[in-house]
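These notebook entries set down what I looked up in the structure. I began with an interface, went on to salt bridges, and ended with two single residues.

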Amino acid sequence: RLDCVKASEQCLKEYSCSTRYRTMRQCVAGRESNFSAVQGSEAQGECRSAIEAMRQSTLNNCRCRRGMKKEKNCLRIFWSIYQSLQGNDLLEYSPYESVNSRLSDIFRLAPIIAVEPASTKQNNCLNAAKACNLNDTCKKYRSSYINPCTSRVSVSEVCNKRKCQKALRQFFDKVPSKYSYGMLFCACPSGHQTACAERRRQTIVPVCSYADKDKPNCLSLQNSCKTNYICRSRLADFISNCQPEAHSISGCLRESYADCLLSYSGLIGTVMTPNYVQFLGITLSPWCDCSSSGNSKPDCDKFSEYFTNNRCLRNAIQAFGNGTDVGVWQPQPPIQPTALEPSIIRRRGKDRTGNGLDLLSDMNKLDLDDDSLYNICGTLQAQKLDLNLTVDTAQCVNHQLDESA
Amino acid sequence: KVRGGNRRGQGCVLKQIHLNVTDLGLGYSSSEEMIFRYCSGPCRKSETNYDKILYNLAHNRRLLPKDTPPQTCCRPISFDDDLSFLDDNLVYHIVRKHSARKCGCV
Amino acid sequence: KVRGGNRRGQGCVLKQIHLNVTDLGLGYSSSEEMIFRYCSGPCRKSETNYDKILYNLAHNRRLLPKDTPPQTCCRPISFDDDLSFLDDNLVYHIVRKHSARKCGCV
Amino acid sequence: ATGLYFPQKEYFETVYVGQVAGTPILQVHAMLDSNSEQPHYYLCRTGSSIRHSSWFHLDVNTGILSLNKTLKENDFVLSNHPSWSVKKLVLLAMVSKNKKPLCKKPTRITLDFVNATLPDCAQTDLKELCFPHRDTSNPHIMENRFPGALRQLRRLTRLHVCPNYTVSYHVESDTPAPFAVDENTTELVVTAPLDREESECYRLLLVCTVRTETFITKLDASLDVFVNDEDDNAPYVNGTDTADIVISFNRTKDGSFGALFVFDRDLTPIFPIDQPYNKYVWTLLNNDTWINETFDIKGTFSEKKAAVGGIRETVHDYQLVLKRNLVVTENRTVQLDFMVNDTTYPGLEGKVLLHFNVTILPVHIRFNNITHMFTLTRRTSLYAQVGRVCVENCQQFDGFRVTYRLEVPDKNASVEVQSCYTAIGITQAPDEMWGLLYVNDTEALRRPECEDLQYIVVAQEEHTQLEASTQIHIILDAEVNKASQESQRFLSCSENRQRGVCESVRGLGATTGRCQWRQGSEKGISENYSTCSPDLRTCPDSFCDAVESKDPSICPQDCTKETVIGGHERGLRNGIQAGYGTCYCYPENCFCEKEDIEEALCDDMCK
């Protein structure tokens with residue numbers, strides 16, 4: 001499959017393709033300035049046929065690669081085509097080539113990590129840091145990000161955040177994932193492993209790359225991410241590759257933990273940098289919250305839960321930590337229909353329709369923040385109904401994050 | 001375990017030893033580890049007239065004993081990338097020019 | 001007479017001594033004379049983390065005794081112009097890199 | 001108004017091989033925004049669904065989505081995502097008053113393709129019969145709107161699976177809730193306009209009754225119905241609409257003062273910024289130019305939960321902000337009136353009038369009337385700190401600058417006496433409000449005739465040039481002769497690495513003339529590292545002050561920007577915040593290491 005830069009160059013060399021490609025770009029440019037009202041139906045027809053023609057060209061299916069040369073240019077081409085061919089600017093499809101590697105490919109290359117699957121006694125994150133400093137490439141890129149991320153700029157400025165995030169992106173783009181994942185996704189089984197979990201949380205130097213004075217609303221953070229080609233693409237990649245699916249054993253619609261972990265690590269160093277937010281369990285979140293969301297609170301909660309409560313992402317991280325992969329480890333049995341029972345019975349429907357949180361066995365995933373709407377509704381009713389609050393999150397299918405059609 | 005041993009007459013070479021950060025003795029307390037590379041070995045073959053003259057003057061006591069200047073040294077001519085690590089209080093540190101990358105007689 | 005003495009803590013400095021060419025001990029026999037400049041003095045101030053680590057490892061016997069590498073040395077970092085002279089048989093000679101021009105801790 | 005809208009943004013259903021054309025799949029519902037609207041439903045022909053939307057039919061009036069063809073096995077090989085474990089197809093449906101509109105604000109229908117036939121009655125759990133596929137999207141109904149159907153409770157794909165079962169529904173709720181089930185259409189209906197400010201969410205219990213000849217089964221599942229907000233509440237003041245403000249020492253540009261709160265029971269979304277509802281603006285009603293050039297209002301809002309019922313509402317916070325620094329002599333009282341307007345509130349009471357009563361006091365530049373006495377040994381070193389002087393309240397000043405200078409009290413004194421006065425200098429850091437007195441000339445201090453040093457310190461406010469002065473008296477100890485013999489060349493105390501040497505040498509900034517040793521006791525890297533200092537009161541204290549920054553050798557522990565070798569932590573600005581063992585510094589770098597380091601071994605090893 002051609003990358004979008006080559007596909008675009010190839011198209012511009014062919015007369016028919018290049019004319020249609022130019023027409024389509026004018027249509028896209030025009031649409032941004034609402035041209036359809038101005039140009040009239042004849043132009044619309046031209047646009048439609050140009051778009052139809054582009055569907056047959058190599059541009060239609062072109063993708064990009066992380067860290068490739070001219071990555072930004074490639075992503076710009078992808079999004080301009082995607083918007084016109086898909087008719088919306090959702091984040092449904094990833095602009096990046098699927099890596100199709102398996103976690104086992106990563107483990108096989110990582111003697112240090114694979115030989116001892118996640119130990120419950122050892123500090124796996126410390127072992128990962130040791131492995132990194134014993135490898136020249138990892139050591140070099142680790143120091144290259146820790147330096148800007150820990151160098152104070154002034155009394156009021158902890159660091160140069162832009163330099164720090166750029167160096168972090170370099171680290172995850174350049175260092176073999178057996179080392180970078182080891183430090184990011186190391187397993188810290190609950191219990192006395194606080195030092196391990198805190199070390200894992202510190203991997204990206206959150207005081208500089210992640211935290212900030214104020215916490216923005218998650219939808220406005222998502223919006224500013226979408227205005228940057230790299231961030232938008234890494235977010236689309238994450239939403240696509242870590243999409244949870246209740247029916248699948250792995251918990252992931254795309255059944256690839258490796259792709260999910262790669263796309264999560266791809267977000268680090270962007271505006272949407274996520275990080276671990278608690279010691280226990282795997283709870284991740286970008287630096288944002290859903291206060292002051294108005295009517296969009298459910299959309300905001302849904303977006304935020306794509307990080308804080310995503311079964312696919314959690315299974316992928318646990319799989320890496322335990323040295324396993326999709327299909328090898330049964331993280332969670334999918335939902336099975338319950339058996340039929342006779343005569344007049346009144347059965348509580350296990351399956352809560354309509355409140356967006358999946359049937360999760362581990363109750364510590366239900367630590368909804370106290371001002372979320374679900375909780376309001378729940379607390380109002382909870383006194384009267386003996387609700388064993390089973391909620392159903394994983395069914396967060398690739399929701400339309402932006403209503404613009 | 002010291003690696004990159006000094007075969008007879010091999011001269012000034014790069015050697016390495018696998019250490020805990022704490023072993024460096026710089027005051028950091030961290031369980032992280034690193035490879036420390038250093039330069040060791042004789043530099044006889046690369047002496048200049050200057051070194052020969054120095055040797056002769058020292059030998060003939062033309063220089064004050066406490067003032068006998070050093071001769072060619074096997075030293076790093078470039079250093080490894082910086083070392084960074086988290087100490088036991090989970091504070092990041094960076095140590096610069098801590099390990100040799102290339103050796104030479106200077 | 002040695003000039004450019006080493007006042008307290010003055011570190012690695014350039015010193016000079018007035019010699020006969022014969023005193024150089026290079027085998028030339030000539031009554032001509034020359035100024036021989038050399039580098040001498042402690043290099044404490046230019047030590048790096050590498051030197052501190054080396055010292056600590058040697059101090060804690062983590063390195064093999066025969067393998068204890070040298071620390072910062074006061075050495076020439078550039079040499080004087082060549083020395084030329086007529087020996088006692090009235091034959092011209094040129095001696096290169098025979099005397100220091102600038103010193104540094106390396 | 002938002003226009004016809006979908007209360008539910010997502011629908012899910014599963015389709016199977018063999019389901020025939022005409023099979024109903026699900027029903028989408030739009031709710032009215034105004035009485036005259038008649039919803040028309042269409043499938044959007046965009047995106048990946050273009051190729052497959054012809055397989056489906058959406059009834060323009062009922063919103064029922066049904067199959068347009070019988071599903072065959074090869075229909076399940078969806079090209080665009082071979083690797084997905086579950087094949088999914090996403091359709092977009094939209095609603096409009098007119099015919100054939102552009103696809104705007106669609107609802108999303110996700111169909112799971114299961115490559116198997118529809119389970120027959122025996123294989124179908126009653127739950128599958130009663131309730132739709134695991135639905136994640138809760139309905140959101142706009143408040144103050146019309147009754148209407150919001151959801152089909154029946155599982156349309158299972159309508160004919162168990163022909164001799166009868167399925168009926170009713171809805172229960174713990175708190176009174178205007179919802180019911182239309183028995184003919186099995187649609188859930190909201191029966192009256194809702195008011196978000198009364199309840200943001202209704203937790204309904206949907207009870208499904210399945211009757212056959214042999215048994216009656218009731219199953220229930222809860223459903224949360226959320227109420228969307230619109231701007232139907234006027235702003236109100238809870239408490240005072242007036243705040244009294246006194247501006248005195250802190251009168252700096254961008255300084256904010258006071259706070260007035262306006263409440264609104266409606267929500268105020270922070271995103272998107274140009275959100276069309278509950279937008280607040282304010283206007284200053286004073287047309288006095290001085291006021292308009294001096295003051296501004298800063299409005300911020302935050303979401304809060306009402307004490308009763310925990311319903312979310314908005315609190316607007318208004319503060320007075322200075323647009324410029326105020327001169328120290330400014331002395332006036334003004335009343336600011338400003339109007340806060342909820343621009344999207346339809347009613348007349350969308351405005352609230354607020355007032356700031358502002359009293360601006362002048363700042364007096366004066367010293368408290370005491371003579372400042374400072375004792376000093378003649379053996380003191382250059383840059384030794386003598387003490388600090390400050391006009392009254394100087395620590396609270398902001399927005400103007402006071403500078404200090406020394407003057408000789410008797411201008412007609414003899415040249416010799418005048419020359420004594422070079423002994424002491426005064427300096428000040430850019431962001432500090434006090435003057436630091438320091439030794440500027442040690443020669444003068446050593447001369448016997450320079451005995452009684454009395455200075456006038458003059459403080460001057462930069463803008464108005466207002467001045468104040470006070471007298472300081474430097475009392476020198478009498479040991480004139482001993483001090484004069486010692487050499488005047490000062491090294492940096494920080495170069496010394498042992499107590500003995502440190503306390504025996506002179507050094508720049510040494511108040512007593514001798515350097516002072518600080519002995520650390522902790523293991524590892526500590527803020528209390530051992531070091532040799534000119535004055536332990538000010539060095540090291542992690543702050544590179546105005547005197548220390550005059551020469552890097554005075555207190556490199558606080559000021560160095562050079563490399564530090566050995567275990568250490570950098571200070572906020574510069575310097576060494578924490579160090580291992582003993583920290584000592586040369587002009588080109590600093591070291592922190594354990595004290596028992598002997599002379600470097602180089603000389604022997606290099607032979």
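The entries below follow the order in which I made the look-ups.

**Entry 1. Status of the model**

I note at the outset that this is a predicted model.

**Entry 2. The interface of chain B and chain D**

I asked first how many residues of chain B are in contact with chain D. I found 11 residues of chain B in contact with nine residues of chain D. I then looked up the area buried between chain B and chain D, which is about 800 Å². Carbon and sulfur atoms give 63% of this area. On the side of chain B, Leu26(B), Gly27(B) and Tyr28(B) supply 42% of what the chain buries against chain D, more than any other three residues.

I next checked the polar side of this interface. I counted zero salt bridges between chain B and chain D, and three residue pairs in polar contact, with both residues at pLDDT 80 or more. The residues of chain B that touch chain D comprise five nonpolar, six polar and no charged.

**Entry 3. Salt bridges**

Over all chains, I recorded 49 salt bridges. I examined three of them individually.

I looked up Arg62(B) and found a salt bridge with Asp23(C), with the closest N and O atoms 3.3 Å apart. This pair crosses between chains: Arg62(B) is in the loop between α1 (49–59) and β3 (74–79) of chain B, and Asp23(C) is in the loop between β1 (13–20) and β2 (33–40) of chain C. Arg62(B) has a relative accessible area of 35%, so I entered Arg62(B) as partly exposed. Asp23(C), with a relative accessible area of 21%, is also entered as partly exposed.

In chain D, I looked up Glu392(D), which forms a salt bridge with Arg366(D) at 2.8 Å between the closest N and O atoms. The pair links distant parts of the chain, 26 residues apart. Glu392(D) is in the loop between β23 (385–389) and β24 (402–407), while Arg366(D) is in the loop between β21 (351–360) and β22 (372–376). I entered Glu392(D) as partly exposed because its relative accessibility is 25%. Arg366(D) counts as partly exposed at 42%.

I also noted a network in chain D, in which salt bridges that share partners join Arg196(D), Glu197(D), Glu200(D), Asp229(D), Glu303(D) and Arg312(D).

**Entry 4. Glu330(D)**

I asked whether Glu330(D) is buried or exposed. Its relative accessibility is 15%, so I entered Glu330(D) as buried. Glu330(D) lies in the loop between β19 (312–322) and β20 (332–342) of chain D. Its salt-bridge partner is Arg332(D), with the closest N and O atoms 3.0 Å apart. Arg332(D) is partly exposed, with a relative accessible area of 29%. Beyond neighbours within four places in sequence, I listed Arg251(D), Trp290(D), Ile360(D), Leu361(D) and Pro362(D) as contacts of Glu330(D).

**Entry 5. Ser30(B)**

I placed Ser30(B) in the loop between β1 (13–20) and β2 (33–40) of chain B. Ser30(B) has a relative accessible area of 1% and is therefore entered as buried. A polar atom of the Ser30(B) side chain lies 3.0 Å from the backbone nitrogen of Glu32(B). With neighbours within four places in sequence left aside, the contacts of Ser30(B) are Val21(B), Thr22(B), Phe85(B), Leu86(B), Asp87(B) and Asp88(B).

Note on methods. Residues are numbered from 1 along each chain as its sequence is written. Chains are lettered from A and ligands numbered from 1 in the order in which they are written. This is a predicted model: local features need pLDDT of at least 70, side-chain atom pairs count only at pLDDT 80 or more; totals for chains, interfaces and linings use all residues. Side-chain values use heavy atoms; hydrogens and water are left out. Contact means heavy atoms within 4.5 Å. Buried area is the accessible area (1.4 Å probe) that two parts lose on being put together, summed over both. A salt bridge is a side-chain nitrogen of Lys or Arg within 4 Å of a carboxyl oxygen of Asp or Glu. A polar contact is a pair of N or O atoms within 3.5 Å; within protein, one must be able to donate a hydrogen and the other to accept it, and residues adjacent in sequence count only if both atoms are side-chain atoms. Ala, Val, Leu, Ile, Met, Phe, Trp, Tyr, Cys and Pro count as nonpolar, Asp, Glu, Lys and Arg as charged, and the others, Gly among them, as polar. Helices (H or I, at least four residues) and strands (E, at least two) are DSSP runs, numbered from the N terminus. Buried means under 20% relative accessible area, exposed over 50%, partly exposed in between (1.4 Å probe, protein chains only).
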